[in-house]
Amino acid sequence: MTTDSTRASLELLYSISRELTAALDLHTVLERILTLSTSNVNAERGSVIVFDDHLLPVDAAMVYEGRLIHYPLDSMQSTLDQGLAGWVMRSLQSTLVTDTSQDPRWQRRPDDDTQRTGAKSAICAPILVRGHLVGVLTLVHGSPNAFLEEHLTLLQAIADQAGVAVYNARLFSSLVIVRQNYQELFEDSIDPILITRLDGKIKEANRQAAIVSLRPLSGLKEMSFWKYHTPPNEALEAQINSIQPGETLHYEGQFTPPENKPLPVEIYVRKVSFDGEDLLQWIVRDISERKQLDTLRDDLSAMIYHDLRAPLGNIVSSLDMLRTFVLPQNSDENEMTHQLLAIATRSTDRMQRLISSLLDINRLEAGQPIMQRKNVAMLPMLRDALDNLQAVTQARRQKLQLDAPDSLPEAWIDEDMIRRVVINLLDNATKFTPAEGLITLGAHQEGSLLRIWVEDDGPGIPEEGRELIFNKFARLDIEHFPKGMGLGLAFCRLAVRAHGGTIGVENQPGSGSRFSFTLPLTEASAKAAA
């Protein structure tokens, strides 16, 4: 049969539980824990320390004679290192100290001096949630022997009720901090950020999005993002519609605010889930300055390349005239002159190829089509490319060989452009191949395509660099790798792709490299590949 005291205790705990679960703010919960426990256990003062998942103190509060007092972090740590709360934290056991002057677990303070308040009594209990410590609750009375075992039992019961409240408040506090941090990052981002439904209707937007779109934030919501931006092509639109959670798409496009000129932008879009709803997050980055710099650089480069061609043409003409005025080739006294002329001729040929390639890069990047295409006999062209590198490979004591059948078919190409592609790949191979090494130029037919490759005995290309080396101005930052302008392979890729072919590099580092590319054999196959 339930006694009056038991019924009173149950009613008290129910009241305490209801009081504690009515708040989610951690400071409010701590204040209520201390107020309820000190008043019901008749304590003079009390303290509660809250821990994170790593048992580090994250918050604390103290009540003295009904007043809430700030509990500084250094005092918390000192109490945990030397005091009664630290012992309870480590042992996970409740404890009753009838006389603090006689218990070594009590941290002595100036207030404990016999000339001041002197000895006290204290009770301390761990605050647990499913066996995990989330805090420690300590009550103190100004006189020894003021607390009994029944007070300790009541304090532990209050601590058990407080456990869930502290845990929930701690979670809520973390959630609030995370949300505040996200909101600050969201609002203070220098890039426009928009959250839309899958159909493009804007659900949230930051301040920068309002600035760029020339509309207030309230005016943006529920508008369609597609009013400001349309994917550049249908394939990309299909990718956006089928994007998977956690996946990010990145592309360049235009952002068009109403009554304003289009803005070139980079778009980053990813699918996110919020409150069970799938949404799209868009980050819009203004790249107009970068585009202006690219245009300025391209214009300046084109001007320089065109201005280089005129004096280089004069040098070539002068070398041709000098060659006609020197003595016949078999004259011993002119052997040195002929060698110098040969070096100058090879150097000017290389400069002409470089300038032509630079001009082609600008033209191909601008999307201009190849105009000088015709059926070209490939075997003579490949032999001519090998002859062009003979002097270089002989000087470096390297071997050149051709691996192609006599029946090699014609290809529908711009002959000068593809010859430069082959020579670039061969020249690249000479830089990586050691003395006595072998460089192979090969070709064979693959259906309606012709495959051409250049293989060397060099160190090979690391896997992480096999895409990078085809980018303009890209160079591998690897010791012993030759340095250059980073334009040769960029030209090769642009030229091959403009012909409707593909280009890549194979082989593992340490066993040499094999650069290969394909070309259409006929005009019909070229149109099919376009």
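Student: Which residues line the second largest cavity?

Tutor: Good place to start! Rolling a probe the size of a water molecule over the atoms shows where empty space is left. In this predicted model, the second largest cavity is lined by Leu425, Asn428, Ala429, Phe432, Val454, Asp456 and Phe515.

Student: How many cavities of 30 Å³ or more does a search of the whole structure find?

Tutor: The search finds two of them. The second largest holds about 40 Å³ of space.

Student: Which element gives the most to the lining of that second largest cavity?

Tutor: Helix H12 does, with four residues. By character, the lining of the second largest cavity splits into five nonpolar residues, one polar and one charged.

Student: Could we step back to the whole protein? How many helices and strands does the protein have?

Tutor: There are 14 helices and 18 strands. The protein has 530 residues, and 42% of them count as buried. As for contacts with a separation of 6 or more, 58% come from residues 24 or more positions apart.

Student: Now a sheet, please. What is the strand order in the open sheet that contains S13?

Tutor: To read a sheet, follow its strands from one edge to the other. Here the five strands have the order S13-S15-S16-S18-S17, and their pairing is mixed. Strand S13 (399-403) and strand S17 (503-506) are at the edges; each has a single partner strand, so one side of each has no neighbour in the sheet. From one strand to the next, the twist averages 15°.

Student: How many bridges pair S17 with S18?

Tutor: Four bridges join S17 to strand S18 (residues 514-520), in the antiparallel sense. As one example to look up, Ile503 has Phe517 in S18 as its bridge partner.

Student: Which helix lies across S13?

Tutor: That is helix H11 (residues 378-395), which also lies across strand S15 (438-446), strand S16 (449-455) and S18. The direction of H11 is at about 175° to S13.

Student: What about helix H13? Which of its residues are buried?

Tutor: A general idea helps here: an α-helix has 3.6 residues a turn, so residues three or four places apart point the same way. In helix H13 (residues 488-498), the buried residues are Leu489, Ala490, Phe491, Cys492, Arg493, Ala495 and Val496. Their packing partners are helix H10 (335-365), helix H12 (415-432), S17 and S18. After H13 comes Gly500, with a positive phi near 90°.

Student: Where can I find a positive phi in a residue other than glycine?

Tutor: Most residues other than glycine have a negative phi, and most peptide bonds are trans. Leu55 has a positive phi, near 60°. Look for Leu55 in the loop between strand S1 (45-51) and strand S2 (57-64). Its relative accessibility is 39%, so Leu55 counts as partly exposed.

Asn145 is another case, with a positive phi near 60°. You will find Asn145 in the loop between strand S6 (132-141) and helix H5 (149-188).

Student: Is Asn145 buried or exposed?

Tutor: Asn145 is exposed, because its relative accessible area is 56% and the cut-off for exposed is over 50%.

Student: What is the strand order in the open sheet that contains S8?

Tutor: Read this sheet in the same spirit, edge to edge. The order of the five strands is S8-S7-S11-S10-S9, with antiparallel pairing. Strand S8 (202-205) and strand S9 (248-255) are the edge strands, each pairing on one side only. On average, neighbouring strands in this sheet are turned by 30° against each other, direction ignored.

Inside the sheet, strand S10 (residues 263-274) and strand S11 (residues 277-286) run antiparallel, joined by 10 bridges. Ile267 has Val284 in S11 as its bridge partner. Helix H8 (residues 234-241) lies across S9, S10 and S11, and runs at about 130° to S9.

Student: One last stop: where does Asp25 lie?

Tutor: Asp25 is in the loop between helix H1 (4-20) and helix H2 (26-41). Asp25 counts as partly exposed, at 40% relative accessibility. To see how the chain brings distant positions together, compare Asp25 with Ser173: they are 148 residues apart along the chain, yet 6.8 Å separates their C-alpha atoms.

How values were computed: Residues are numbered from 1 along each chain as its sequence is written. This is a predicted model: local features need pLDDT of at least 70, side-chain atom pairs count only at pLDDT 80 or more; totals for chains, interfaces and linings use all residues. Side-chain values use heavy atoms; hydrogens and water are left out. Two strands pair if DSSP finds at least two bridges between them. Helices (H or I, at least four residues) and strands (E, at least two) are DSSP runs, numbered from the N terminus. Axes are lines fitted to C-alpha atoms, for helices over the stretch in contact, and angles run from 0 to 180 degrees between N-to-C directions. Contact means heavy atoms within 4.5 Å. Buried means under 20% relative accessible area, exposed over 50%, partly exposed in between (1.4 Å probe, protein chains only). On a 1 Å grid over the protein atoms alone, a cavity is a set of points where a 1.4 Å probe fits but cannot get out, and a pocket is an open set with protein on both sides within 12 Å along at least five of seven lines; lining residues have an atom within 4 Å of a point. Grid points are joined across faces, edges and corners, and a volume is the space filled by probe spheres set on the points. Ala, Val, Leu, Ile, Met, Phe, Trp, Tyr, Cys and Pro count as nonpolar, Asp, Glu, Lys and Arg as charged, and the others, Gly among them, as polar.
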